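Me: Hi! Could you walk me through this structure with a few questions and answers?

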Amino acid sequence: MVASNKSWIRLCELDQVPADHCINVYVNGQRLVIARCEDSAHVLQGYCSHMLFYLKDAKIDGCVVTCNLHGSQFDVRDGSVVRWTEAASGKVLEDIKEKKRLRSYETEVRDGIVFLAWATSDPDKVKVKF
Ligand code: FES
């Protein structure tokens, strides 16, 4: 269910989203990526939280995306950090995991179509570009 100030925006067919790497999508000029995870798709910020490297073409294995620059890994379902590139342990690592989570967006797949929940009451004004 989407709050009243949000609308479902059609992005693409699920079959257009590769299983093994992220693809870019621009929504009102914001650079995002779509990542597939089995029969679902998820929309995340378009750049890594380590050093802002673009996640376009980042490899996906299962539901984990790996940044092409230094190898940090994130769960595409919620953006959580799976592995951080630099040596860290204990409380430092826990802080990193909390602070460096990728922003994830509410996404649904219905009848083979990927939809994104977007904060707008006028979906006709939302521009989607690949
Ligand atoms: S920029 Fe992604 S791991 Fe460094």
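Me: In what order do the elements of the protein chain run from the N terminus on?

Reply: Happy to help! This is a predicted model, in which local features need pLDDT of at least 70, side-chain atom pairs count only at pLDDT 80 or more, and totals for chains, interfaces and linings use all residues. Residues are numbered from 1 along each chain as its sequence is written. Helices (H or I, at least four residues) and strands (E, at least two) are DSSP runs, numbered from the N terminus, and the protein chain has one helix and twelve strands. Their order is β-β-β-β-β-β-β-β-α-β-β-β-β.

Me: Which strands form the open sheet, and in what order?

Reply: Strands pair if DSSP finds at least two bridges between them, and the pairing in this sheet is antiparallel. The strands at its edges are β5 (59–61) and β8 (81–83), each with a single partner strand, so one side of each has no neighbour in the sheet. The order is β5-β6-β7-β8.

Me: Which residue is the bridge partner of F74 in β8?

Reply: Strand β7 covers residues 73–75 and is joined to β8 by two bridges. The two strands run antiparallel. In β8, the partner of F74 is V81.

Me: Is S40 buried, exposed or partly exposed?

Reply: S40 sits in strand β4 (residues 40–45). A residue is buried with 20 or more other C-beta atoms (placed from the backbone) within 10 Å of its own, exposed with 12 or fewer, and partly exposed in between. S40 has 16 within 10 Å, so S40 is partly exposed.
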